[in-house]
Amino acid sequence: MKRQKKMLALGLSGLAAATLSVVGVVPAGADYAPQAGDVVGLGGDTPQYALTFIANGDTLGDAGINSAGAYNRLVTFNATADANGRSAYANGSTEAHPLPLNPTDVLRAGTYPVQRNQSSGTAIKAILADTGATPEINFVFSASLPTSAQQTQAQTQGWGGLHVVRIGTDSVQIATADTTNAPNNLTINELLTIYEGNVTKWNQLPGNSGGSGDTIIPEIPPASSSINKTLIASLTTANGGTAPTLGGNVITVEQNDPNAVTGASSPADAIVPFSAARLNLYNSGYFHNPNTVFPGGTVLDAGIKFNTGASAYDSPVTDYVIFRQSDLASTTPFQPGSSINWAQRLFSSTTSTPYVASGAGQALINASGVTANYADLGLAHS
(Lines give C-alpha, C1' and ligand atoms only; values in the text may rest on other atoms or scores of the structure.)
Protein backbone atom coordinates (compact mmCIF):
# COMPACT_ATOMS: atom_id res chain seq x y z
CA MET A 1 0.00 0.00 0.00
CA LYS A 2 1.47 3.31 -1.04
CA ARG A 3 1.81 6.06 1.54
CA GLN A 4 -1.36 8.08 1.31
CA LYS A 5 -0.47 11.53 2.55
CA LYS A 6 -0.37 14.19 -0.12
CA MET A 7 2.76 16.22 -0.57
CA LEU A 8 3.18 19.88 0.21
CA ALA A 9 5.30 22.22 -1.85
CA LEU A 10 7.31 24.50 0.40
CA GLY A 11 9.14 27.47 -1.05
CA LEU A 12 12.66 27.88 0.35
CA SER A 13 14.73 31.02 -0.07
CA GLY A 14 17.17 30.62 -2.92
CA LEU A 15 15.97 27.09 -3.70
CA ALA A 16 13.18 25.48 -5.65
CA ALA A 17 9.99 24.38 -3.96
CA ALA A 18 10.36 21.62 -1.38
CA THR A 19 8.02 18.63 -1.44
CA LEU A 20 7.27 17.38 2.07
CA SER A 21 4.75 15.13 3.74
CA VAL A 22 2.31 16.49 6.29
CA VAL A 23 2.18 15.75 9.99
CA GLY A 24 -0.40 17.60 12.03
CA VAL A 25 0.37 19.48 15.21
CA VAL A 26 0.20 17.39 18.38
CA PRO A 27 0.95 18.58 21.90
CA ALA A 28 4.23 17.23 23.28
CA GLY A 29 3.48 17.87 26.94
CA ALA A 30 2.88 14.19 27.67
CA ASP A 31 6.24 13.09 26.24
CA TYR A 32 8.73 11.59 28.67
CA ALA A 33 11.07 14.31 29.96
CA PRO A 34 14.47 12.78 30.76
CA GLN A 35 15.44 12.82 34.42
CA ALA A 36 18.77 13.89 35.90
CA GLY A 37 20.53 10.52 35.53
CA ASP A 38 19.22 9.72 32.05
CA VAL A 39 21.53 9.85 29.05
CA VAL A 40 20.14 12.13 26.33
CA GLY A 41 21.07 12.02 22.66
CA LEU A 42 19.87 13.87 19.58
CA GLY A 43 21.07 14.01 16.01
CA GLY A 44 20.42 13.60 12.32
CA ASP A 45 17.70 11.86 10.36
CA THR A 46 19.94 9.28 8.70
CA PRO A 47 21.24 7.48 11.86
CA GLN A 48 18.24 8.17 14.12
CA TYR A 49 16.62 4.72 13.97
CA ALA A 50 19.85 2.94 14.93
CA LEU A 51 19.90 4.86 18.21
CA THR A 52 16.14 4.51 18.73
CA PHE A 53 16.52 0.74 18.45
CA ILE A 54 19.60 0.71 20.72
CA ALA A 55 17.50 2.41 23.39
CA ASN A 56 14.14 0.69 23.00
CA GLY A 57 14.53 -2.40 20.84
CA ASP A 58 13.21 -3.35 17.42
CA THR A 59 10.19 -5.21 16.05
CA LEU A 60 12.20 -8.38 15.45
CA GLY A 61 12.21 -9.25 19.14
CA ASP A 62 15.60 -7.72 19.97
CA ALA A 63 15.36 -5.82 23.26
CA GLY A 64 17.06 -2.44 23.70
CA ILE A 65 19.18 -1.44 26.66
CA ASN A 66 16.19 0.14 28.43
CA SER A 67 14.43 -3.23 28.55
CA ALA A 68 16.53 -4.17 31.58
CA GLY A 69 14.39 -1.79 33.62
CA ALA A 70 17.39 -0.04 35.14
CA TYR A 71 16.99 3.17 37.10
CA ASN A 72 18.51 5.49 34.47
CA ARG A 73 17.49 5.38 30.83
CA LEU A 74 18.92 6.06 27.39
CA VAL A 75 16.69 8.66 25.71
CA THR A 76 17.02 9.70 22.06
CA PHE A 77 15.22 12.47 20.19
CA ASN A 78 14.69 11.86 16.48
CA ALA A 79 15.40 14.58 13.95
CA THR A 80 11.98 14.09 12.39
CA ALA A 81 8.75 15.09 14.03
CA ASP A 82 7.11 11.67 14.14
CA ALA A 83 8.19 8.05 14.21
CA ASN A 84 7.48 7.55 10.49
CA GLY A 85 10.22 10.04 9.66
CA ARG A 86 7.95 12.85 8.44
CA SER A 87 8.20 16.60 8.92
CA ALA A 88 5.49 18.56 10.71
CA TYR A 89 3.11 21.26 9.49
CA ALA A 90 0.66 23.42 11.41
CA ASN A 91 -3.11 23.06 11.22
CA GLY A 92 -4.54 24.89 8.23
CA SER A 93 -1.72 23.92 5.87
CA THR A 94 -2.64 23.27 2.26
CA GLU A 95 -0.59 22.15 -0.70
CA ALA A 96 -0.65 25.68 -2.05
CA HIS A 97 -0.04 27.36 1.32
CA PRO A 98 1.93 25.13 3.71
CA LEU A 99 2.59 26.31 7.26
CA PRO A 100 5.84 24.66 8.33
CA LEU A 101 6.15 23.93 12.02
CA ASN A 102 9.28 23.97 14.17
CA PRO A 103 8.56 21.04 16.52
CA THR A 104 10.03 21.18 20.02
CA ASP A 105 11.39 18.78 22.63
CA VAL A 106 11.83 18.98 26.39
CA LEU A 107 15.37 17.62 26.71
CA ARG A 108 15.35 17.46 30.52
CA ALA A 109 12.64 17.42 33.16
CA GLY A 110 12.13 20.90 34.53
CA THR A 111 13.36 22.67 31.39
CA TYR A 112 11.36 24.48 28.74
CA PRO A 113 10.73 23.18 25.20
CA VAL A 114 13.43 23.92 22.63
CA GLN A 115 13.37 23.55 18.86
CA ARG A 116 13.87 19.95 17.78
CA ASN A 117 17.25 19.29 16.22
CA GLN A 118 16.84 18.24 12.59
CA SER A 119 20.28 17.40 11.16
CA SER A 120 23.69 15.97 11.99
CA GLY A 121 25.47 19.28 11.52
CA THR A 122 23.16 21.21 13.83
CA ALA A 123 23.39 18.42 16.43
CA ILE A 124 27.14 18.88 16.74
CA LYS A 125 26.62 22.63 17.06
CA ALA A 126 24.00 21.98 19.75
CA ILE A 127 26.26 19.91 21.98
CA LEU A 128 29.00 22.53 21.62
CA ALA A 129 26.49 25.18 22.75
CA ASP A 130 25.45 23.08 25.76
CA THR A 131 27.91 24.58 28.25
CA GLY A 132 25.81 24.69 31.43
CA ALA A 133 26.96 23.16 34.69
CA THR A 134 24.60 20.23 34.09
CA PRO A 135 24.50 19.25 30.39
CA GLU A 136 21.13 18.72 28.76
CA ILE A 137 22.70 16.87 25.81
CA ASN A 138 25.06 13.96 26.52
CA PHE A 139 25.78 12.83 22.97
CA VAL A 140 24.78 13.27 19.35
CA PHE A 141 24.26 10.76 16.56
CA SER A 142 25.56 12.03 13.28
CA ALA A 143 26.36 11.10 9.69
CA SER A 144 29.08 13.76 9.75
CA LEU A 145 32.32 14.07 11.70
CA PRO A 146 33.04 17.18 13.75
CA THR A 147 35.34 19.61 12.01
CA SER A 148 38.84 20.42 13.19
CA ALA A 149 37.54 23.80 14.39
CA GLN A 150 34.80 22.11 16.39
CA GLN A 151 37.34 19.79 18.02
CA THR A 152 39.39 22.84 18.96
CA GLN A 153 36.29 24.55 20.38
CA ALA A 154 35.50 21.50 22.53
CA GLN A 155 39.06 21.52 23.85
CA THR A 156 38.85 25.24 24.60
CA GLN A 157 35.66 24.57 26.57
CA GLY A 158 37.58 22.19 28.81
CA TRP A 159 36.15 18.93 27.48
CA GLY A 160 39.37 17.57 25.98
CA GLY A 161 37.66 17.43 22.59
CA LEU A 162 34.76 15.46 21.13
CA HIS A 163 35.08 11.67 21.26
CA VAL A 164 33.88 9.87 18.12
CA VAL A 165 32.65 6.29 17.84
CA ARG A 166 31.67 4.75 14.51
CA ILE A 167 28.56 2.60 14.92
CA GLY A 168 27.87 1.56 11.34
CA THR A 169 27.88 2.26 7.64
CA ASP A 170 25.23 3.26 5.13
CA SER A 171 25.26 4.51 1.56
CA VAL A 172 23.55 7.15 -0.55
CA GLN A 173 22.10 5.94 -3.84
CA ILE A 174 19.67 7.36 -6.39
CA ALA A 175 16.08 6.30 -5.81
CA THR A 176 13.39 6.14 -8.48
CA ALA A 177 9.79 4.99 -8.56
CA ASP A 178 9.23 1.25 -8.96
CA THR A 179 8.13 2.06 -12.51
CA THR A 180 10.56 4.60 -13.89
CA ASN A 181 11.79 6.17 -17.10
CA ALA A 182 15.32 6.48 -15.72
CA PRO A 183 17.92 4.19 -17.30
CA ASN A 184 19.22 1.74 -14.69
CA ASN A 185 22.79 2.98 -14.68
CA LEU A 186 22.92 6.67 -13.79
CA THR A 187 26.58 7.52 -13.24
CA ILE A 188 27.82 10.44 -11.18
CA ASN A 189 28.85 12.25 -14.37
CA GLU A 190 25.36 11.85 -15.78
CA LEU A 191 23.88 13.05 -12.50
CA LEU A 192 26.11 16.12 -12.70
CA THR A 193 24.60 17.05 -16.08
CA ILE A 194 21.09 16.44 -14.72
CA TYR A 195 21.48 18.38 -11.48
CA GLU A 196 23.18 21.31 -13.24
CA GLY A 197 20.22 21.44 -15.64
CA ASN A 198 22.23 20.68 -18.78
CA VAL A 199 20.28 17.47 -19.43
CA THR A 200 16.55 17.81 -18.84
CA LYS A 201 15.08 14.82 -20.71
CA TRP A 202 15.92 11.13 -20.41
CA ASN A 203 16.67 10.71 -24.12
CA GLN A 204 19.33 13.40 -23.92
CA LEU A 205 21.56 11.14 -21.85
CA PRO A 206 24.44 9.50 -23.74
CA GLY A 207 23.48 6.05 -24.93
CA ASN A 208 19.81 6.61 -24.12
CA SER A 209 18.56 8.28 -27.30
CA GLY A 210 15.81 5.68 -27.51
CA GLY A 211 14.63 6.42 -23.99
CA SER A 212 11.71 8.49 -22.80
CA GLY A 213 11.35 12.08 -23.93
CA ASP A 214 9.79 13.02 -20.58
CA THR A 215 11.25 15.85 -18.52
CA ILE A 216 13.46 14.68 -15.64
CA ILE A 217 12.45 15.78 -12.12
CA PRO A 218 15.71 16.00 -10.12
CA GLU A 219 15.17 16.26 -6.35
CA ILE A 220 17.52 16.84 -3.43
CA PRO A 221 17.09 17.12 0.37
CA PRO A 222 17.81 20.42 2.19
CA ALA A 223 21.39 21.67 2.29
CA SER A 224 21.72 20.90 6.02
CA SER A 225 21.07 17.18 5.49
CA SER A 226 23.80 14.54 5.30
CA ILE A 227 22.22 13.10 2.15
CA ASN A 228 22.50 16.48 0.40
CA LYS A 229 26.10 16.92 1.55
CA THR A 230 27.05 13.46 0.33
CA LEU A 231 25.60 13.97 -3.14
CA ILE A 232 26.98 17.50 -3.48
CA ALA A 233 30.45 16.27 -2.46
CA SER A 234 30.27 13.57 -5.14
CA LEU A 235 29.05 16.04 -7.76
CA THR A 236 31.85 18.42 -6.78
CA THR A 237 34.45 15.71 -7.32
CA ALA A 238 32.91 14.86 -10.70
CA ASN A 239 33.03 18.57 -11.55
CA GLY A 240 36.79 18.77 -11.06
CA GLY A 241 36.59 20.07 -7.50
CA THR A 242 34.16 22.91 -8.17
CA ALA A 243 30.81 22.80 -6.40
CA PRO A 244 28.00 22.50 -8.96
CA THR A 245 25.44 25.21 -9.53
CA LEU A 246 22.12 23.42 -9.29
CA GLY A 247 19.67 23.97 -12.10
CA GLY A 248 16.47 25.90 -11.51
CA ASN A 249 14.51 22.69 -12.05
CA VAL A 250 16.01 20.96 -8.97
CA ILE A 251 13.35 20.52 -6.27
CA THR A 252 14.19 20.49 -2.56
CA VAL A 253 12.38 17.66 -0.74
CA GLU A 254 12.21 16.01 2.65
CA GLN A 255 15.23 13.79 3.34
CA ASN A 256 14.65 10.02 3.12
CA ASP A 257 10.93 10.34 2.37
CA PRO A 258 9.69 8.04 -0.44
CA ASN A 259 6.81 10.46 -1.07
CA ALA A 260 9.35 12.79 -2.66
CA VAL A 261 9.26 10.38 -5.59
CA THR A 262 5.84 8.72 -5.38
CA GLY A 263 4.12 12.06 -4.77
CA ALA A 264 5.92 13.91 -7.56
CA SER A 265 3.93 15.32 -10.49
CA SER A 266 5.33 12.45 -12.60
CA PRO A 267 6.76 9.74 -10.31
CA ALA A 268 8.29 7.86 -13.25
CA ASP A 269 10.52 10.86 -13.97
CA ALA A 270 11.61 11.75 -10.41
CA ILE A 271 15.01 10.90 -8.93
CA VAL A 272 16.35 11.62 -5.45
CA PRO A 273 19.41 10.66 -3.37
CA PHE A 274 18.27 8.34 -0.57
CA SER A 275 19.71 6.40 2.35
CA ALA A 276 20.11 2.67 1.69
CA ALA A 277 19.53 2.02 5.40
CA ARG A 278 16.21 3.86 5.32
CA LEU A 279 14.95 1.92 2.31
CA ASN A 280 16.12 -1.29 4.03
CA LEU A 281 13.97 -0.30 7.01
CA TYR A 282 10.95 0.32 4.77
CA ASN A 283 11.45 -3.03 3.05
CA SER A 284 11.66 -4.78 6.43
CA GLY A 285 8.02 -3.84 7.08
CA TYR A 286 8.77 -1.46 9.96
CA PHE A 287 6.60 1.43 8.75
CA HIS A 288 2.82 1.09 8.73
CA ASN A 289 0.02 3.28 7.38
CA PRO A 290 -0.12 6.28 9.75
CA ASN A 291 -3.73 7.03 8.80
CA THR A 292 -4.97 4.07 10.83
CA VAL A 293 -5.50 4.22 14.58
CA PHE A 294 -4.21 1.61 17.02
CA PRO A 295 -3.42 -1.24 16.53
CA GLY A 296 -2.18 0.21 13.27
CA GLY A 297 -2.58 -0.10 9.54
CA THR A 298 -1.01 -2.20 6.83
CA VAL A 299 2.70 -2.21 6.04
CA LEU A 300 3.76 0.72 3.87
CA ASP A 301 5.23 -0.08 0.48
CA ALA A 302 7.83 2.62 -0.14
CA GLY A 303 7.09 2.47 -3.87
CA ILE A 304 10.70 3.23 -4.73
CA LYS A 305 13.81 1.31 -5.73
CA PHE A 306 17.47 2.10 -6.26
CA ASN A 307 19.15 2.79 -9.57
CA THR A 308 21.56 -0.15 -9.45
CA GLY A 309 23.44 -0.55 -12.74
CA ALA A 310 27.09 -1.57 -12.71
CA SER A 311 28.29 2.05 -12.73
CA ALA A 312 25.30 3.63 -10.95
CA TYR A 313 25.99 6.20 -8.25
CA ASP A 314 26.60 4.71 -4.80
CA SER A 315 28.45 6.71 -2.13
CA PRO A 316 29.34 5.40 1.34
CA VAL A 317 28.05 7.13 4.48
CA THR A 318 29.24 6.55 8.04
CA ASP A 319 27.11 6.88 11.18
CA TYR A 320 28.76 8.14 14.35
CA VAL A 321 28.07 8.78 18.01
CA ILE A 322 29.85 11.89 19.37
CA PHE A 323 30.23 12.95 23.01
CA ARG A 324 32.50 15.01 25.29
CA GLN A 325 35.90 13.40 25.82
CA SER A 326 35.75 14.39 29.49
CA ASP A 327 32.70 12.16 30.04
CA LEU A 328 34.90 9.09 29.65
CA ALA A 329 36.68 10.05 32.86
CA SER A 330 33.53 10.72 34.88
CA THR A 331 33.37 8.93 38.24
CA THR A 332 29.56 8.99 38.26
CA PRO A 333 28.22 5.50 37.47
CA PHE A 334 25.49 5.14 34.86
CA GLN A 335 23.40 2.89 37.10
CA PRO A 336 23.23 2.56 40.91
CA GLY A 337 25.53 -0.22 42.02
CA SER A 338 27.62 -0.03 38.84
CA SER A 339 31.24 1.03 38.64
CA ILE A 340 31.27 2.51 35.11
CA ASN A 341 29.87 5.72 33.71
CA TRP A 342 27.40 6.03 30.85
CA ALA A 343 29.98 6.79 28.16
CA GLN A 344 31.90 3.61 29.00
CA ARG A 345 28.78 1.48 29.35
CA LEU A 346 27.24 2.60 26.09
CA PHE A 347 29.94 3.67 23.67
CA SER A 348 33.63 3.44 24.58
CA SER A 349 35.58 1.32 27.07
CA THR A 350 39.03 -0.23 27.34
CA THR A 351 38.00 -2.66 30.08
CA SER A 352 34.71 -4.09 28.80
CA THR A 353 32.58 -4.25 25.64
CA PRO A 354 30.37 -1.15 25.30
CA TYR A 355 26.74 -1.84 24.49
CA VAL A 356 26.84 -0.60 20.88
CA ALA A 357 29.72 -3.00 20.17
CA SER A 358 28.07 -5.99 21.85
CA GLY A 359 26.17 -8.70 20.00
CA ALA A 360 22.89 -7.24 21.25
CA GLY A 361 23.82 -3.73 20.15
CA GLN A 362 25.06 -4.88 16.74
CA ALA A 363 21.79 -6.76 16.10
CA LEU A 364 19.78 -3.62 16.86
CA ILE A 365 21.90 -1.47 14.56
CA ASN A 366 21.53 -4.00 11.74
CA ALA A 367 17.75 -4.09 12.31
CA SER A 368 17.62 -0.33 11.67
CA GLY A 369 18.94 -0.95 8.14
CA VAL A 370 22.45 0.26 8.96
CA THR A 371 25.36 -2.19 8.65
CA ALA A 372 26.88 -2.43 12.13
CA ASN A 373 30.59 -1.61 11.98
CA TYR A 374 31.93 -0.50 15.36
CA ALA A 375 35.19 1.37 15.78
CA ASP A 376 36.41 3.78 18.46
CA LEU A 377 37.87 6.72 16.54
CA GLY A 378 38.89 8.93 19.47
CA LEU A 379 39.19 12.62 18.59
CA ALA A 380 38.47 12.16 14.89
CA HIS A 381 37.45 15.08 12.69
CA SER A 382 36.75 15.82 9.06
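Author: Helices here are DSSP runs of H or I with at least four residues, and strands are runs of E with at least two. By that count, the chain in this predicted model has 9 helices and 14 strands.

Reader: Thanks! What makes the chain as compact as a globular protein of that length?

Author: Its radius of gyration is 21 Å, close to the 21 Å that the globule rule gives for 382 residues, so the chain matches a globular protein of that length in compactness. Along the principal axes, the C-alpha atoms fill a box of roughly 70 × 50 × 40 Å.

Reader: How many of the 382 residues are called buried, as a percentage?

Author: Buried means under 20% relative accessible area, and 51% of the 382 residues fall in that class. The chain exposes about 16000 Å², with carbon and sulfur atoms supplying 53% of this area.

Reader: Why is the space lined by Thr46, Tyr49 and Ala50, among others, called a cavity?

Author: A cavity is a set of points where a 1.4 Å probe fits but cannot get out, which is why the name applies. The structure holds 2 cavities of 30 Å³ or more, and about 40 Å³ of space lies in the largest.

Reader: Which helices each supply at least two residues of that lining?

Author: They are α1 (48-56) and α7 (276-283). The largest share, 3 residues, comes from α7.

Reader: And what makes a lining residue nonpolar, polar or charged?

Author: The residue type decides: Tyr and Ala count as nonpolar, for instance, and Arg as charged. The lining of the largest cavity then divides into 5 nonpolar, 3 polar and 1 charged.

Conventions: Residues numbered from 1 in each chain as written. Predicted model: local features only at pLDDT ≥ 70, side-chain atom pairs only at ≥ 80, totals over all residues. Heavy atoms only, no water. 1 Å grid on protein atoms, 1.4 Å probe; cavity = no way out; pocket = protein on both sides within 12 Å on 5 of 7 lines; lining within 4 Å. Points joined across faces, edges and corners; volume = space filled by probe spheres on them. Rg over C-alpha atoms; globule rule 2.2 N^0.38 Å. Buried < 20%, exposed > 50% of the residue type's maximum accessible area, 1.4 Å probe, protein only. Areas by Shrake-Rupley, 256 points an atom, 1.4 Å probe, with all protein chains shown as cover.
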